[in-house]
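Hi,

Here is the structure I promised to pass on. Have a look at it first, and then read my notes below.

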Amino acid sequence: MARIRGLHFIIQSASFGSFEMEEERMSEIRPPLPPFTYETAVEKVRKAEDAWNTRDPHKVSLAYTVDSRWRNRSEFVSGREEIVAFLTRKWARELQYRLIKELWGLHENRIAVRFQYECCDADGQWWRSYGNEQWEFDENGLMRRREASINDVRIAEQERRFHWELGPRPAGHPGLTELGM
């Protein structure tokens, strides 16, 4: 019932031209919702990948609870404001960022993901980063916990594997398994 009221509020606020209010309100419910099936978990992973590939810290932060807790490598982040600050710093130094995520496992409101991304630094050195994430979601489909372990490997530009235009990976582009990664 509360979800229906929330959606009604979105429609009302949109009719008054309040896009910012609509965006914030929409962030309170992020389908697909747990408990996840294989299909809905795959959808959730792809939505996360697409959002991260926009490199828009504010947009990405709306997929997380207001008090979300992260461990990213050795850094600990808490809440949307810190998520925005973290991602702003990340994408200021990780240029030409392209990411592929893939479902690794799931159980009810938890999803495990493996991923790879490529980027270059300000000196033009290319990097490939390999990692695993563990995600936990609330009942509204917002991520309340994210733990990421990541390793970086220096690569030559000709070793790059991700060549699509900046932004979300095209629908027909192969994933990690299809690329033999």
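**Helices, sheet and one glutamate**

Helix H3 lies across S1, S3, strand S4 (110–120), strand S5 (126–137) and S6, and runs at about 165° to S3. Lying across rests on contacts, meaning heavy atoms within 4.5 Å. For angles, axes are lines fitted to C-alpha atoms, for helices over the stretch in contact, and the values run from 0 to 180 degrees between N-to-C directions. Helices (H or I, at least four residues) and strands (E, at least two) are DSSP runs, numbered from the N terminus.

Bear in mind that this is a predicted model: local features need pLDDT of at least 70, side-chain atom pairs count only at pLDDT 80 or more, and totals for chains, interfaces and linings use all residues. Residues are numbered from 1 along each chain as its sequence is written, and side-chain values use heavy atoms, leaving out hydrogens and water.

Now the sheet: six strands form an open one with mixed pairing, in the order S2-S1-S6-S5-S4-S3. At the edges sit S2 (75–78) and S3 (95–107), each pairing on one side only. Pairing takes at least two DSSP bridges between two strands.

Glutamate 49 is part of H3 (residues 38–54). Glutamate 49 is buried, at a relative accessible area of 0% (buried is under 20%, with a 1.4 Å probe and protein chains only). Its side chain makes a polar contact with that of arginine 169 at 2.6 Å (N or O atoms within 3.5 Å, one able to donate a hydrogen and the other to accept it).

Cheers

Definitions and conventions. Buried means under 20% relative accessible area, exposed over 50%, partly exposed in between (1.4 Å probe, protein chains only).
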